[in-house]
Amino acid sequence: MFQSIVDISNKIFQPIIDLGAPVLMLIILTLLAWAFGVKFSKALEGGIKLAIALTGIGAIMGILTGAFSKTMQAFVENTGFDLSVTDVGWAPLATVTWGSPYTLFFLLVMVVVNIIMLVTNKTDTLDVDIFDIWHLSIVGLFSIYMGANIFIATLLVIFIGVLKIINSDLMKPTFDDLLNAPSSNPMTTTHMNYMMNPIIMVFDKIFDKIFPWLDKYDFDAAALNKKVGFWGSKFAIGVYLGIFVGLLGKQDLKSIFALAFTAGVCLELFSIIGSWFIASVEPLSQGITNFANKKLEGRKLNIGLDWPFIAGRAEIWAAANVLAPIMLLEAMILPGNKLLPLGGIIAMGVTPALLVVTRGKLIRMIVIGALELPLFLWSGTIMADFITKTAVKIDPSNYAGMGLISHTTMEGPVEKFLAYVVGKASTGELNYILYAVIGLLAYLLIFVWYAKEMKKRNKEYSLNSK
């Protein structure tokens with residue numbers, strides 16, 4: 001039965017998926033806006049803007065991570081540190097994951113789950129970020145690799161997927177606050193990186209009890225830019241990071257300046273491109289508002305997008321810049337880590353969730369980020385064998401003989417550990433059955449506690465808006 005569903009999923013989605021993420025999202029956003037009564041030309045305009053934004057983000061990330069990877073490789077050669085797993089970044093992993101037919105099956109399952117949750121009023125979020133299903137799919141695929149059957153893997157995907165959708169509703173008022181947007185703004189996200197929110201909030205509450213005095217030394221990155229001008233801008237922050245990493249890699253003066261200027265322009269462009277995401281959903285936003293007023297008695301629907309619509313917040317990049325050298329140092333001394341931070345050196349799988357939970361308190365973002373980075377390094381390490389074998393199987397011409405590959409800041413590190421123990425438990429190992437039960441229960445309980453805390457925050461937002 002499951003294999004038949006997998007085959008059907010492939011037939012439905014594969015031709016569209018093969019076009020790539022920008023084209024996929026162009027089609028989805030255009031048709032979705034059109035379905036909600038937006039004039040086709042206006043709907044198409046929004047779809048094209050979203051495709052351009054996605055292409056721009058991908059291009060800038062490629063430039064930035066490519067430039068840093070070369071310098072970090074030189075650092076390894078100079079120091080002799082033996083970190084045997086190469087961090088190839090997120091793009092190759094997404095390509096490999098989409099090469100599995102089970103990814104399309106998991107996509108179909110989550111589309112059905114999302115519709116059921118909407119119809120039964122369990123969520124107000126329509127998830128249109130279909131491309132990023134790969135983050136959830138790789139959890140299911142890893143559990144299968146570790147011993148789970150497709151049924152168990154699907155249950156794990158649904159369990160995490162439902163919580164992701166619920167989380168998108170919980171975060172919506174915070175996104176409005178961070179973007180200084182009205183509540184009618186439909187943008188939220190179901191991206192996997194925000195599933196670190198519960199653990200981050202645990203650290204944030206500890207921070208409240210032990211280190212609240214540090215907040216008086218905190219600063220808003222955007223406010224800093226106004227006070228110090230260029231020297232606190234994204235341009236300058238990129239330059240600082242480029243110089244630091246260039247010195248670590250013992251590069252010549254020309255290479256150091258090239259890296260510094262590349263980082264500076266990339267960070268600035270991220271902010272600009274982030275605004276394109278907001279513009280792209282304006283037609284859909286209006287269409288949904290009109291539809292809700294006419295058909296749903298005013299019910300407001302949210303739209304689950306990819307995370308970069310919040311990329312204009314300076315704290316994301318300031319924290320990522322500081323965490324980059326910290327991550328490198330942790331990678332060198334962390335017991336059990338085999339990953340060298342290269343493609344994931346700019347920690348985009350880490351900082352967006354830190355922004356949401358701390359609401360831009362930069363010192364907290366950096367401290368908590370440093371504390372949680374080992375989870376990312378360890379999860380990337382335990383997945384290296386699975387990722388490498390899967391990559392070689394799907395694309396032997398590019399990956400055969402390359403050695404072990406993974407990603408240092410791959411979203412959802414806790415979920416990868418769950419996949420590991422669930423897979424092992426499925427083989428009948430008694431110890432892992434116990435680990436899986438404890439892990440899943442702890443994961444759920446922490447999320448329930450986090451949800452209560454977010455509801456308290458959202459109530460405050462509601463009261464303050466009156």
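**Entry 1. The surface**

Which residues form a nonpolar patch on the surface, and about how much accessible area do they have together? I put this to a predicted model. I found that the patch consists of Leu-31, Trp-34, Phe-40, Leu-44, Ile-48, Ile-52, Phe-235, Val-265, Leu-269, Ile-272 and Trp-276. Together these residues have about 920 Å² of accessible area.

I then looked up which helices supply the patch. At least two of its residues come from each of helix H2 (21-35), helix H3 (40-79) and helix H11 (253-280). I took Ile-272 as a single case and located this residue in helix H11. Its relative accessible area is 40%, so I entered Ile-272 as partly exposed, given that this class lies between 20% and 50%.

**Entry 2. The protein as a whole**

I noted 19 helices and six strands in the protein. The protein has 466 residues, and 54% of them count as buried. For the accessible surface I recorded about 19900 Å², with 67% of that area belonging to carbon and sulfur atoms. I also looked up contacts between residues at least 6 apart in sequence: 81% of these join residues at least 24 apart.

**Entry 3. Aromatic pairs**

How many aromatic pairs does a search of the whole structure find? The search returned 13. I examined Phe-207 and Phe-211, whose ring centres are 5.7 Å apart and whose planes stand at 65 degrees; the pair is therefore edge-to-face, as an angle over 60 degrees requires. Phe-207 has a relative accessibility of 3% and so counts as buried, whereas Phe-211, at 35%, is partly exposed.

I next turned to Phe-447 and Tyr-450, an aromatic pair with 5.7 Å from centre to centre and 55 degrees between the planes. I entered this pair as tilted. Where do Phe-447 and Tyr-450 lie in helix H19 with respect to each other? They are three residues apart in this helix (residues 430-464), which means that about one helical turn separates them. Is Phe-447 buried or exposed? I recorded Phe-447 as buried, because its relative accessibility is 5%, and the limit for that class is under 20%. Tyr-450 is likewise buried, with a relative accessible area of 0%.

**Entry 4. A cluster of rings**

Finally, I asked which residues are linked into a cluster by ring pairs. I listed Phe-142, Tyr-145, Phe-386, Tyr-420, Tyr-432 and Tyr-435.

How values were computed. Residues numbered from 1 in each chain as written. Predicted model: local features only at pLDDT ≥ 70, side-chain atom pairs only at ≥ 80, totals over all residues. Heavy atoms only, no water. Phe/Tyr/Trp six-rings, centres within 6.5 Å; stacked < 30°, edge-to-face > 60°. Buried < 20%, exposed > 50% of the residue type's maximum accessible area, 1.4 Å probe, protein only. Helix = DSSP H or I, 4+ residues; strand = E, 2+ residues; numbered from the N terminus. Patch = residues over 30% accessible without salt bridge, like charges linked within 9 Å, V, L, I, M, F, W, Y side chains within 5 Å. Areas by Shrake-Rupley, 256 points an atom, 1.4 Å probe, with all protein chains shown as cover. Salt bridge = Lys/Arg side-chain N within 4 Å of Asp/Glu carboxyl O. Contact = heavy atoms within 4.5 Å.
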